[in-house]
Amino acid sequence: MNVKPLADRVLILPAPAEEKTIGGIIIPDSAKEKPLKGSVVAVGNGTKDEEMVLKVGDTVLYGKYAGTELELEGEKYLIMRQSDVLAII
């Protein structure tokens, strides 16, 4: 991958949405909850005021509306600031 986030940004691969059925009813993709966890694929160098705590391979939790979606090589990713990440799990 040729993407290198700048400053305090991280590139995250969201975990796949969980398949849930209710009494045999299949929920369409548009009604599924967005995943709130994913794995860190790339990190920036941090800023002079904030060092980069996250590293590639970390599994993280992030806010429901955090980040900007982008598609690279047919895969959907999120890019967000390190401060938008809520926890490492």
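**An all-strand chain, its core and its largest pocket**

Of the 89 residues in the protein chain, 27% are buried. The model is a predicted one, and the description below moves from the overall fold to the core, the backbone and the largest pocket. The protein chain holds eight strands and zero helices, which gives the pattern β-β-β-β-β-β-β-β when read along the sequence. Among the contacts in the protein chain with a separation of 6 or more, 65% link residues 24 or more positions apart.

Strand E1 (9-14) is a convenient place to begin with the pairing. E1 and E7 run antiparallel and are joined by four bridges. E1 also runs antiparallel to E4, with five bridges between these two strands. Leu-11 takes part in both pairings: its bridge partner in E7 is Ile-79, while its bridge partner in E4 is Ala-42.

The strands that flank E1 return in the interior. Twelve residues form the largest nonpolar core, namely Val-10, Ile-12, Val-40, Val-43, Met-52, Leu-54, Val-60, Tyr-62, Ala-66, Leu-78, Met-80 and Val-85. At least two residues of this core come from each of E1, strand E4 (37-43), strand E5 (59-62) and E7. In soluble globular proteins, nonpolar side chains tend to be buried together.

Val-40 is a helpful member of this core to look at in detail. This residue sits in strand E4 and counts as buried because its relative accessible area, 3%, is under 20%. Leaving aside residues up to four places away in sequence, Val-40 touches Leu-11, Ile-12, Lys-55, Val-56, Gly-57, Asp-58 and Val-60. The last of these contacts can also be followed along the backbone: Val-40 and Val-60 are 20 residues apart along the chain, and their C-alpha atoms are separated by 7.3 Å. Another core member, Val-43, touches Lys-4, Pro-5, Arg-9, Val-10, Met-52, Leu-54, Lys-55 and Val-56, with residues up to four places away in sequence again not counted. Lys-55 and Val-56 are thus among the residues touched by Val-40 and also among those touched by Val-43.

Two places in the backbone invite a second look. Most residues other than glycine have a negative phi. Ala-7, which is not a glycine, nevertheless has a positive phi of about 50°. Ala-7 lies in the segment before E1 and counts as partly exposed, since its relative accessibility is 30%. Glu-73, likewise not a glycine, has a positive phi of about 50°. Its place is the loop between strand E6 (68-72) and E7, and with a relative accessible area of 74% Glu-73 is exposed.

Finally, the largest pocket contains about 350 Å³ of space. Its lining is made up of 13 residues, and those closest to the centre are Pro-14, Ala-15, Pro-35, Glu-69 and Lys-76. Two elements each give two or more residues to this lining, strand E1 (9-14) and strand E7 (75-81). E7 gives the most, with four residues. By residue class, the lining of the largest pocket comprises eight nonpolar, four charged and one polar. E1 and E7 therefore appear in several parts of this picture: they are joined by four bridges, each supplies at least two residues of the largest nonpolar core, and each gives two or more residues to the lining of the largest pocket, as elements defined by their DSSP runs.

Technical notes. Residues are numbered from 1 along each chain as its sequence is written. This is a predicted model: local features need pLDDT of at least 70, side-chain atom pairs count only at pLDDT 80 or more; totals for chains, interfaces and linings use all residues. Side-chain values use heavy atoms; hydrogens and water are left out. On a 1 Å grid over the protein atoms alone, a cavity is a set of points where a 1.4 Å probe fits but cannot get out, and a pocket is an open set with protein on both sides within 12 Å along at least five of seven lines; lining residues have an atom within 4 Å of a point. Grid points are joined across faces, edges and corners, and a volume is the space filled by probe spheres set on the points. Ala, Val, Leu, Ile, Met, Phe, Trp, Tyr, Cys and Pro count as nonpolar, Asp, Glu, Lys and Arg as charged, and the others, Gly among them, as polar. A nonpolar core is a set of buried Ala, Val, Leu, Ile, Met, Phe, Trp, Tyr and Cys residues joined through side-chain atoms within 4.5 Å. Buried means under 20% relative accessible area, exposed over 50%, partly exposed in between (1.4 Å probe, protein chains only). Contact means heavy atoms within 4.5 Å. Two strands pair if DSSP finds at least two bridges between them.
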